[in-house]
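This report looks at the nonpolar cores, the aromatic pairs and a surface patch of the structure shown below.

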Amino acid sequence: MAFLDWKYVSLEIQYHDFSINFWPKLYLCSTLFWLISLIVLSGIWRGFLPLKSGLWWPYVILILTSVAFQEGIRLVFWRLYKKMEEMLDAFADRISKPRLSLTDKMLISLAGGLGHGLAHAVFFCLSLLTPAFGRATFYVERCSRMPFFLVSAIISLGFLVIHTSSMIIAFNGYGERKKRDQIFVPVVHLIAAVMTLINLVPGGCLIGTPLLCVTAAMTLYHSWRVVGQRITEQQHRQS
C-alpha cells in the first residue's frame, strides 16, 4: 500500500466504482506490506532462534511480541489508508464525483485484510508446498493422527479468515472510535496465536486446530455483524 502511486490509482476511479485493475493492485500492495513487516519481525527474532523445545516461556514471549508488533503495524496501515482516503476524496471533489462510499471503505478494509492473511500464509507455509506434492504424506511425533500438511493448511486457512475479518473490524473500530472493536482484534489475534502452542503437546493438534477454526468462525461472524450494522445505520441516515 505504501508503494502505490496514488495519482495513478485516482485516475482509475469512475463514479467511485473501482475499476477491475484497482483491487488486485491494492490487494497485492497490502500483501507486500505485510510480508515486509513479517520479514522485519523474523529478522528481529533471528538472533534468538532456535528456541529450546523443552521450555515453553520463550514461545510465549515470541507470540506476545509478534502479536504486539503486527497490531502496531495495523495502526500504521490504518494511517496509510486514511491518507489514501483523503487523496481519493480530494480527487473526487476536483472532478465533481461522489466521495468514497461506505461500500468502498468496506472493500478497502477487506482487500487490506485479505492481503494480511495471504502474507501470513505465504510466510509460514510457502516452503511446505513443494514437499506436500507427492503420493505420500508426513506425520510428526506430536501429531501422529493428522497429516502435518493438513494441519498446516487448516492453520493457514484459519489465520487467513481471522486476519481478513479482523481488518474489517479494526477499520470500523478506528473509524467509529469503538473501543470494543479496537480491543476485540488484538485479543482474538493473541488467542489464536496462543492456540498454536497446543500443537506442541502430544496429540494437541486434535484440540488446537478445531479451536482455531472456531475462533476464525467467531471472528468472521463478528465482522459480518459489524458490516450489517454499519449498512443499516447508513440506510437510516439516508432515509
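## Basis of the description

A residue is called buried under 20% relative accessible area, exposed over 50% and partly exposed in between, with a 1.4 Å probe and protein chains only. The model is predicted, so local features need pLDDT of at least 70 and side-chain atom pairs count only at pLDDT 80 or more, while totals for chains, interfaces and linings use all residues. Numbering starts from 1 along each chain as its sequence is written, and side-chain values use heavy atoms, leaving out hydrogens and water.

## Nonpolar cores

The largest nonpolar core (buried Ala, Val, Leu, Ile, Met, Phe, Trp, Tyr and Cys residues joined through side-chain atoms within 4.5 Å) has 21 residues, and Trp34, Phe77, Tyr81, Ile108 and Phe171 have the most contacts inside it. At least two residues of this core come from each of helices H2 (22-45), H3 (57-94), H4 (102-125) and H6 (148-176), helices being DSSP runs of H or I with at least four residues, numbered from the N terminus. H3 gives the most, with six residues. Another core, of eleven residues, lies apart from it and includes Cys143, Met146, Ile155 and Cys205.

## Aromatic pairs

Ten aromatic pairs are found in the whole structure; rings of Phe, Tyr and Trp (its six-membered ring) pair if their centres lie within 6.5 Å, and planes under 30 degrees apart count as stacked, over 60 as edge-to-face and the rest as tilted. Phe33 and Trp34 are edge-to-face, because their ring centres are 5.8 Å apart and their planes stand at 85 degrees; both residues are buried. Phe148 and Phe149 are also edge-to-face, at 5.9 Å centre to centre and 65 degrees between the planes, yet Phe148 is partly exposed at 29% relative accessible area, whereas Phe149 counts as buried at 18%.
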